[in-house]
Structure formats: structure tokens, C-alpha cells
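Hello,

Here is the structure I promised to pass on to you. Please open it alongside this email, and then read on for what turned up in it.

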Amino acid sequence: MRLSRFHLATVKEVPADAEIISHKLMLRAGMIRKLAAGIYTWSPLGLRVLRRVETIVREEMNRAGAVELLMPSIQPQELWEETGRWQKFGGQLLKIKDRKEAGYCYGPTHEEVVTDFARHELKSYKQLPINFYQIQTKFRDEIRPRFGIMRAREFLMKDAYSFHVDAESLAAEYRNMYDTYTRIFTRLGLRFRAVDADTGAIGGSASHEFHVLADSGEDAIVFSSGSDYAANVEKAEALAPTGTRPAATATLETVDTPTQKTIEEVSAHLGVAAERCIKTILVRGSDGLVALCVRGDHEVNEVKAARLAEMPGESVLAEEAEIERAIGCKPGFIGPVGLPADMPVIVDRDAALLADFVCGANADGKHLRGVNWERDARITRVVDLRKVVEGDTAPDGNGTLSFARGIEVGHVFQLGSKYAEALGATVLDDQGKATVMSMGCYGIGVSRIVAAAIEQNNDEAGILWPEAMAPWQVVICPINMAQSAAVREEAERLYEELGARGIEVALDDRGLRPGPMFADAELIGIPHRIVIGDRGLAAGTYEYRRRGEAENRSLSRDELLALFD
């Protein structure tokens, strides 16, 4: 590509709302331009990178035996009502009406559509297993779109859906997709980790997220120092502590804490460690409020809480007015002693081992000291309720947990029969009996990968693309090309030769001075830069620098071409 014929529009300044490095660099490099909140135009430069990612994704999905199709982005309301998600999906579902006032949505995902396709197209177990995939634009009406492409409302996604006659077949395809994703992110040159994850709003029985590791990642992931175990922090189990609860030795007493509400304030006021306190929060259960109790130095894991039998599938804090009506005090003074008999008290494993602890007295300005379970406070059930912390024993028992930051770019689910059952998607089995199909769901954020790669690969000069994602592999920078026929001829000759070798090469023939020309090459992240000048030609050498290296190298023509053999 001759850059004089290409739209390359780099800038020095970026809008103040560009908070993270990928957003800033994509704007500076001219890869994207904002149209509206969370909606972007991809420039020719940005599209080159996006298409490279898309190509690798498509090649590996085809290699894995998946079959590509393309489903409508506009989906009818009735289909979503069949699965019960028209209301349940929430505000992210962009709802629209046509001229006949019929309801539709702009697809945020395609479980309903692909299952509708399958229930009409698949009739026999002999057609299974099959895996349909597409690469298509999605829209989710984020309440606060931010970070550029990282959390946009409109985005490009690869979503795949497999159909099976039994759980064994589903498990095999799930593993196939897991391995396929591993190949995709490896080919893209990304440092990533697959982690055990919660199934969330999609549902299902098993789930793994694929995270690009980056300090700026919005997700916390945990991994073991002694094994391959890794999980989203929301999913990671906190192992039950060893030992038994000590016997009660202290007398229950009420103490004044007139302004002390937080664990930190109470522990400092009473001279007791946070881990000797109980933190109690009230949440809305299916049949009234539920009390959740964890140790003072721990936090309630909302995902684990949402899975409790007493919960409606989500964990929502009770409002102050609800708390006052139920137990007669404000938040900050809640404790498990004397709660209403019909209120479940769910206690974390670590908290259940405490004796002679401190907790709220359910009276404003009061706490209790010397509290003991069973003697003073009842327990409905002991469960794993807390978030894991650094240094916890890994759930598999091998090593301890450490934390890292990740950017989720892929997710695989074993959905089971949730959607097929709701939509009546059946096939005849080998006995001629109608059986509901099992499903798998496999998503990759194609556009998000571009931003995640930049978050992981950048320096003060700009982007450092992994070679497989770069808009071009090589940029040729001729010095004073307009004034030197020798430079112009050699630049043209090298450009043609590298292109003939199948190398994506850009010739910067825009007539810029060396400084701006080199700055653009570094900003947009081209991996290899070749400078051609009269002085080098006289010496029979070319100036070469790999992006990210500090020094130039003078190479002969043979040495230079050997780099690309």
C-alpha cells in the first residue's frame, strides 16, 4: 500500500474523555472516530487490523469444523418472549417498533434466533452434532459506554452455537471450542489466560472466560502458584478452613459505637482486629430479606450470593427504609443476634468458625462484643459466600492464589437445554423419539480484541502490534524521495520485491520529513521499519529497526531480506 493513496490521519491530541491507553492510541492513530456515545466509525487503518483478527478467527473456526451462517441483527419481540428474556435481559436490550407497531430488538446476542433456525432445520440426531457460527455486529445499550471500543454499544462479535443429542457430545464440542480459542489467541500473539467463570445472564452448566492479561484490565482473575487453576474472582471458591469453632469464653455485652459504622471504625474504636468481627448485610430474597454474614476482613461475593436458594437469581441490597422496618436500625449497626425468626441467616465458612466476636446490635449506635454462634445467634446455613483474597489456598489444594488483571475477549458456555426447551427445539433420536437438543454457546469479542491487544502492547511512542494483527508487517521510509532518483528507485524496487514475497508492506511516499514519518510508523505500530537514504545506498546498507527496539541496525540487502524469509 502506497500511503499517499491511503487515508492515514494521525493526530497529537485526543478528547479528554479518552481515559484508557487503547482509546487514546486508537484515536491518535486515526483507527476510529466517534459518531455517538459508544458508536464508532472504523477508519481504513482500523479496519485493516479488525479484518486481520476476523480472518484468524474465521480460519480457526472453520478448521474446528464449525459452519458459518449470518443471522438477522433485528429480532422479533415474540421470539424473545418465548424464552422469557424480553423483560429479563434489561435495559441493554435496544427495543424498536416498525411501522405496524410490531416490537423488535437490535440483537445483543443470538441464542433465540439460532435456536429458532435449528428447530426448523434440524430433524434427526443424524444431523448432530453441528456448530453454527457468525461474525456480526451486535448492539447492547450500555448504561455508561466508555473506554472507546473496549465498552462500546455497537461491536463486532463472533458467536457460535452448537447442537447435540446428549451431554457427552456437548462436552466434546465444548473442549473443541476451548482448544480452538486457545489457538486463536496464540496466533494473534496475545498473552492470555483461560479461567473458570460464572455463566451469568446467558445461563448454563459450565463456562470459561478467556482474558488478555493487562494491568489496565477491568476484571480481576485469580490463579494458583502451584497448578494450572485459574478463575474469575467471582467464580473462585474459598476453601473451607480447617479446624472447629472454639468454645465460647466471653460474656455477651453491648457497647456504645455512636458514630462508628464501618468495620474499620468499629475495630479501631474497640481495639479488636477486623477478622474478629462479623459483617452482616441484608439483601432482598425471594420471600423477604436475607441476612448474609462474612468475616469483617472479607467481602460478600454477589455472584455466589445470587445462587443461594433463598435468592431470586440476583443479589440486591435492601434499602435503608426496608432495613429499619425489618430490624429497627440503620445500616452500619446490623448483626445476626435477634434477627426475625423468618429471616434466613446465611453464614460464610470462615465467619462460622469465629467465637467471641463483635457484630452490630441491631440498634443505632450500638454493637455487641463476646458474641457466639448458636448461643447468641442462629445459623440457617453455612456456605462459601465470600470473595477470595490474595494468599488463599487454591481450590484444587495446590499452591496459593494470586491476582491479576484481565480483559475478557472470549467466553464459552455449556448451555444445556435451556433455550432448546423454551423454544421446543427437538430432533428424533435413534429410537424415533423426540428429544430436546443440548446447546453450547461460544463468543469472541472481535473488535474488543483490537483494544485489548493495545492495552497489552504499547509504549510511550504508540502501539506495538503483535505481528499477526499489524495493519502492515513492514513500512519503507525513503528519505528525500522526491529529490533522489536513487532512493525513489530502490524504495520502489524493495516495495515490489517484499510484496511479491507475500509480505504486507506500506511505502511511505507522502513526502514527509523523517521525524513525522518515523513518528507515524511508531504510533500505528508497524513491526518492521526500513529506512532508505542516499548515504546508506552509497554504503550498500539499509537502516532497519524492529518496533520496540531501541537501536537501528545497518543491514546489507541480503541480510535485510533474510529477515523475511
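**An enclosed space**

The largest cavity holds about 70 Å³ of space. The model is a predicted one, so please keep that in mind as you read. In the structure there is 1 cavity of 30 Å³ or more.

Which residues line the largest cavity? They are Val475, Ala521, Glu522, Ile526, Pro527, His528, Arg529, Arg545, Arg546 and Arg547. Two or more of the lining residues come from each of α14, β28 (528-532) and β29 (542-546). Sorted by class, this lining has 5 charged, 4 nonpolar and 1 polar residues.

**An open pocket**

Next, have a look at the second largest pocket, with about 280 Å³ of space. It is lined by 21 residues, and those closest to its centre are Lys261, Lys279, Thr280, Ile281 and Gly332. At least two lining residues come from each of α7 (263-270), β14 (278-285) and β17 (357-360). Strand β14 gives the largest share, with 5 residues. The classes in this lining are 14 nonpolar, 5 polar and 2 charged.

**The nonpolar cores**

The largest nonpolar core has 69 residues. Within this core, the residues that touch the most other members are Met31, Phe185, Leu188, Ile449, Trp465 and Met469. Phe185 is a good one to click on: leaving out residues up to four places away in sequence, Phe185 touches Leu190, Phe192, Phe210, Val409, Gly410, Ile444 and Ile449. There is also a second, separate core of 27 residues, with Cys329, Val337, Val345 and Ala361 among them.

**Helix α1 and what covers it**

Helix α1 runs over residues 21-28, and its buried residues are Ser22, His23, Leu25, Met26 and Leu27. A reminder that helps when you look at any such helix: an α-helix has 3.6 residues a turn, so residues three or four places apart point the same way. What lies over the buried residues of α1? The cover includes the strands β1 (32-36), β2 (39-42), β24 (458-459) and β25 (462-463), together with the helices α12 (446-456) and α14 (514-523). Just after α1 comes Gly30, with a positive phi of about 75°.

**Three residues to visit**

Start with Glu112, which is in helix α5 (residues 111-121). Is Glu112 buried or exposed? Its relative accessible area is 0%, so Glu112 counts as buried. Apart from residues up to four places away in sequence, Glu112 touches Leu79, Trp80, Thr83, Arg85, Tyr419 and Leu423.

Then go to Leu339, in the loop between α9 (320-327) and β16 (345-348). With a relative accessible area of 8%, Leu339 is buried. Not counting neighbours within four places in sequence, Leu339 is in contact with Ala291, Ile327, Val345, Asn362 and Arg378. If you want a distance to try out in your viewer, the C-alpha atoms of Leu339 and Glu455 are 48 Å apart, and these residues are 116 places apart along the chain.

The third stop is Ala64, in the loop between α2 (44-63) and β3 (67-68). Ala64 has a relative accessible area of 15% and is buried, because buried means under 20%. Its contacts, leaving aside neighbours within four places in sequence, are Asn176, Met177, Thr180 and Arg183. Ala64 and Ala167 are 103 residues apart in sequence, and their C-alpha atoms are 19 Å apart in space.

**The cysteines**

How many disulfides are there? The count comes to 0. Why does Cys105 have no bond to another cysteine? The closest cysteine sulfur, in Cys441, is 15 Å from the sulfur of Cys105, which is too far for a bond. Cys329 is in no disulfide either, and the nearest cysteine sulfur to it, that of Cys359, is 11 Å away. Cys105 is buried, at 0% relative accessibility. Cys329 is buried as well, also at 0%.

Have fun exploring, and write back with any questions.

Best wishes

How values were computed: Residues numbered from 1 in each chain as written. Predicted model: local features only at pLDDT ≥ 70, side-chain atom pairs only at ≥ 80, totals over all residues. Heavy atoms only, no water. 1 Å grid on protein atoms, 1.4 Å probe; cavity = no way out; pocket = protein on both sides within 12 Å on 5 of 7 lines; lining within 4 Å. Points joined across faces, edges and corners; volume = space filled by probe spheres on them. Helix = DSSP H or I, 4+ residues; strand = E, 2+ residues; numbered from the N terminus. Nonpolar A, V, L, I, M, F, W, Y, C, P; charged D, E, K, R; others polar. Buried < 20%, exposed > 50% of the residue type's maximum accessible area, 1.4 Å probe, protein only. Contact = heavy atoms within 4.5 Å. Core = buried A, V, L, I, M, F, W, Y, C linked by side-chain atoms within 4.5 Å. Disulfide = S-S within 2.5 Å.
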